[in-house]
Every structure is written in structure tokens, then in C-alpha cells.
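Here is a short tour of a structure for you to follow along with in your viewer. Keep the sequence open beside it as you read.

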Amino acid sequence: MTATTTRVALSLQGVVAGYGQEPALHGVDLVVPEGSIVAVVGANGAGKSTLLRTISGLLPTSAGDIRMGGVSLAGVPVEERIRRGIVHVPERRQVIGELTVEENLRLGALWRGDRAERETDIAEVCEFFPALAARRKALGSTLSGGERQMLAIGRAFVAHPAVMLLDEPSLGLAPKVVSDIMTMLAWLRAEYGLTILLVEQNVRTALSIADTGVVLNLGRVVATRPAAELEADEQLRHLYLGF
Amino acid sequence: MSTVLLLLGAGLARGAVFALFALALVLIWRATRIANFAQGAMAVTAAYVAYLVLIGTGSFPLAVVVVLLAGAGIGVGVERGLMRYLPTASPLNAIIVAIGVVMVLTGLLGILFGADYKPISVPFSREPITVGSLAIVSPYTLFVFVVIAVVVAGIGLLFTRTSLGLAMRASAFDEEVARLNGVRVVRMRTLGWMLSSAVGGLAVLLAVPTELGLNPHSGDLLFVNAFTVAIIGGLDSPVGAVVAGLGVGVLLTIVTTLWGATVGPIAILLLLVLVLLLRPQGLFSLRKARLA
């Protein structure tokens, strides 16, 4: 295949969304090129989680449009969006505690009919995360924070998404585990051409693997820069990111 | 010796029906977080449909199939017609609507069939089989056991071995994660009502031949006992429903035989209180007690 880095996987135009009367997003524009890693950073309450929840359909948009590969997602319910190639790894590593590790993984691949292919993918996840392989039959509730995050990402992987949305994957995890997870994400992009939209409070970690950094402040995009440039921009950092 | 075996057999038979009906309650609770107070009336309605088939054709096995279908249909009707439109903020909403369903259904059944007991005859003897000098179980009890075992095993396999079962469990435990993974949660809820209502109808149909007959209130006492069983086993746990059902059936039969029929309900109440004090989430529940 020829290099097609300029094709857009996911785009948002003037998206307004939020809870109740006051929107948390005020006309957000965002372009996520195919095969890229985009990190959305910003302070607490900037609207980062709201952004992801809106893209996955958990929150309705009151204005604007979200497009996946150029096709609008307006009116597409949450449970159909995985079939359009969007998979959302929610905050706090939402693993279903009453299901086993294996069942949690299988859940991600459920929407794809092919049983044999599902099992191959699950085996692949277990190969990448030996910690999960050792605990295949254990209940999700017995996993550590790091294992849960691995499981949540593994579950998203077996869904064969075009775009993976990740909400604070480093939250509350040990540095070693964070670095493992970031390595996994970089590898997923390199190996499968996966497009990743990452939301993080841990700015340095997020920008270290991202191509593009987007700064969100009070529900508005205030800067979109190459990640390295953003990390070096002291003024922006002081203004919006607090370091 | 013979008496003990006979009591155990009778207790287990009674318990199996409790277990089946409690399982129906658990199925709905898991799928929708609704304690279905209308289950007795819905099941009795399905049993009346089966009764019509039985007097029309004389075939009890056909009636068993019909009660499952009618139960499933009634389940879909109640869910699609009523339950899905209720706000979920308070569990009271569903309970009150369910009580309304009970009043409408029992009223309708009373108008259509009258309040008298319709005997349901079964093509099996209710006299115990004797091995040597030991009386063990009646053929009808055996039939009940086999049917219930098949249904329980089928549901167990559905939930643990199939993709549909996994999708149903996922939507029961975490609706949001299930939806994000493409599970059509609304459909799973309807399926939960279908399954539950079919199973409930079957329990009533199997219980009626051992009682006076079919009456608009045939499900009432069964509902009370099975509800207790479901709480003891843990509303979340199908295994709990089955084990607690068999246990309560045996307990009830032994207590009733030793001290008389009035002591039975008291013994069950005591057991319930004990479980609620020591393990409020139920004996087999995976989760901590839910407050709502």
C-alpha cells in the first residue's frame, strides 16, 4: 500500500455536547488522521472525557457533526458504533468484574461473527500481556489496576477497531505499567495501522507517544500542534497545563 | 428408611418447582434489575393457555411446549408494552406497574375462566414407585425432575457457553460497557423477559397437578415461596436459585411432616431472616448487597 497518511479517520466539526443545560463542549473541531496517535490534553474539567463519550455516542450532540471515514455518525446508537470501527476504552478501565478475563476479551469480539478468528485474537492479546494469560479464568474483579487496563485495551483490540478512544489509560498506575501500556499503544499503531485518540492528564506521557497534541480548555480546542512542539512550548504549558 | 426417602423425594420435587420459579425471578432481575412481582400472574396466564390446549388435545407434553411459548409471548408483551417505558430512577415504578399487571391478569382470568379449580390431569401416575419394600418417588415427580433438570441445564449452557449468553450477562452486569462493545442491550432485556416468563409459566404448569387445580391465584403461594428462595440464593445467582430452591423444598417438607403445615412458612421466614442477617446479598451472589 502507498502511504496515505493524509486520509482522515475521524473528524469533529463544531461539536456541542454535555450534561444538562450547560454544554461541556463548545464547538469542538478535531481531525484525527488515519494511523496517527492524537493526544488530547487539558486540565481537570476541560471536557476530555465528555469529548470521548460524545464520540462513542454515550452523550448526544446538540450541534455539530462527528464523521467516521467521512460518514456522519448522527443517529447511530452507541452499540452500532463499534460496527463503524470506533471502540471506546472508558475511564477507570471498565472491566466487567463478574466476567472472567477470557469472557471480557470475548465480549470485545462478540460483534464480529467469526468464532475462530476471535479465539486467535484473544490468544494474541494473551501473548502480548502474559499477566492476563496467567489469569484467563480469573474474575475481572480480582485483577489489579494495571491488569484491568491491559484487559480493557486487549478487549478493545479484539474488536478490530479503526479508531481506538482511550480515556486516561495511565490514571493511578505505576510508572512501569504506564510505560508498558504506552509501548503497547505505539506497537498497535505500528503493527496494525490503528488510529488512536488518547485523552490524558498525564501530559508528558501522552505527548511522548503522540504525533499531534490537542489542548482542550473549558470545552474549547485552544491549540493543535505536533506533539513535540507542544511539549516544548513553555507558554502554552504554563497557560493551560499547569507545568 | 422408606419414609425418609419419600420425604426427601417429595421435598426435592417441591423444591425443584421453587427453584424453577425462583430462576425465572433471577433471570429478570439479572437482565433488568426489576423484581417482577407480576411473575405469578403472568405464569398463571400462560398456564391457562396451556390448559386450553390440554383440554383441546389431551396431550400434556404439548401443553408443556405451549406454556413455554405462551410464557415467552406474555413476557415480550409486558416488557414491550409496559416495562420499557418506565423511568428507572426508582425501583418502585416497576413494582407498582407489576402489581397493576397482577390485578389486570387475575381479573381477566377470573372473568374468562371463573374462580373454580380446573383440574389438570397428567399421563403419569402420582403413586410412588416401590423398589423392594421401599417407596421412592412417583413417576410424575420423576417427570418434573427431568423437565426441570433439562431446562436448568439448558439455561446454564446458554449463559456460560454461548455468545448470546455472554452478551446477556454483560448487559446485566454493566450496561454501558456492554453497549460500548456492541451488545444490543434493549434486545437482551426483551430476551430476559421472554426466558423468565417462559420458565415461570412452566413452573406453574408443573406445580398445578400436585395441587387442587388451576385457579387465577395458583401462582400466589408459589411466588411468595420462590421469591424467598431467590433472596436466599442471591437474586443475582441462577445457581443460588436452584440450590436454595431444592433446600427450601426439603426443609418445608420435613418441617411440615414433623410439626404440621402451619410451621412450614415460619421455618422459611426464619431461614430468610437468618440469611438476610448473615449474608444479605444471598448465599451465592457474586456481588456485595445492592441497596437499590
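How many other C-beta atoms lie within 10 Å of Ala138(A), and is Ala138(A) buried or partly exposed? Please bear in mind that this is a predicted model.

## Ala138(A) and its surroundings

Ala138(A) has 14 other C-beta atoms within 10 Å, so it counts as partly exposed; a residue needs 20 or more to be buried. You will find Ala138(A) in the loop between H5 and H6 of chain A.

Setting aside the neighbours within four places in sequence, the contacts of Ala138(A) are Thr100(A), Val101(A) and Leu143(A). Ser208(A) is 70 residues away from Ala138(A) along the chain, and 33 Å separates the two C-alpha atoms.

## Helix H6 of chain A

Moving on from that loop, helix H6 of chain A covers residues 145-158, which makes 14 residues. From first C-alpha to last, H6(A) reaches 20 Å, close to the 20 Å expected at 1.5 Å a residue.

How much of H6(A) is buried? The count is 12 of the 14 residues, so the helix is largely enclosed by the rest of the structure. Among the buried residues are Glu147(A), Arg148(A) and Arg155(A), along with Leu151(A), Ile153(A), Phe157(A) and Val158(A). The cover over the buried residues of H6(A) includes strands E6 (86-89) and E7 (163-167), together with helices H3 (101-109), H4 (115-128), H5 (130-133) and H7 (175-192), in chain A.

## Two residues with positive phi

After H6(A) comes His160(A), which sits in the loop between H6 and E7 of chain A. His160(A) has a positive phi of about 50° although it is not a glycine. With 18 C-beta neighbours inside 10 Å, His160(A) is classed as partly exposed.

Chain B offers another case to look at: Arg33(B), a residue other than glycine, has a positive phi near 60°. Arg33(B) lies in the loop that joins helix H1 (2-32) to helix H2 (39-57) of chain B. There are 17 other C-beta atoms within 10 Å of Arg33(B), which means that it is partly exposed.

## Chain A as a whole

Zooming out, chain A contains 10 helices and 10 strands. Its radius of gyration is 17 Å, which agrees with the value near 18 Å for a compact globule of 243 residues. Along the principal axes, the C-alpha atoms of chain A fill a box of roughly 50 × 45 × 40 Å.

Of the 243 residues of chain A, 47% count as buried. Taking contacts in chain A between residues at least 6 apart in sequence, 68% join residues at least 24 apart.

## Chain B and its side facing chain A

An unreviewed UniProt entry places the feature "transmembrane region" at several stretches of chain B, including residues 41-74 and 190-209. In the model, residues 41-74 of chain B are 94% helix and 0% strand, with the end C-alpha atoms 10 Å apart. Residues 190-209 of chain B are 90% helix and 0% strand, and here the end C-alpha atoms are 30 Å apart.

Where the chains meet, 17 residues of chain B are in contact with 19 residues of chain A. On the chain B side, the elements that give two or more residues are helix H6 (163-173) and helix H7 (175-180) of chain B. H6(B) gives the most, with six residues. By type, the residues on this side of chain B divide into nine nonpolar, three polar and five charged.

Definitions and conventions. Residues are numbered from 1 along each chain as its sequence is written. Chains are lettered from A and ligands numbered from 1 in the order in which they are written. This is a predicted model: local features need pLDDT of at least 70, side-chain atom pairs count only at pLDDT 80 or more; totals for chains, interfaces and linings use all residues. Helices (H or I, at least four residues) and strands (E, at least two) are DSSP runs, numbered from the N terminus. The expected span of a helix is 1.5 Å times one less than its number of residues. Two residues are in contact if their C-beta atoms, placed from the backbone, lie within 7 Å. The radius of gyration is taken over C-alpha atoms; the globule rule is 2.2 Å times the number of residues to the power 0.38. UniProt positions are given in the numbering used here, feature names are shortened, and annotations may be inferred rather than shown by experiment. Ala, Val, Leu, Ile, Met, Phe, Trp, Tyr, Cys and Pro count as nonpolar, Asp, Glu, Lys and Arg as charged, and the others, Gly among them, as polar.
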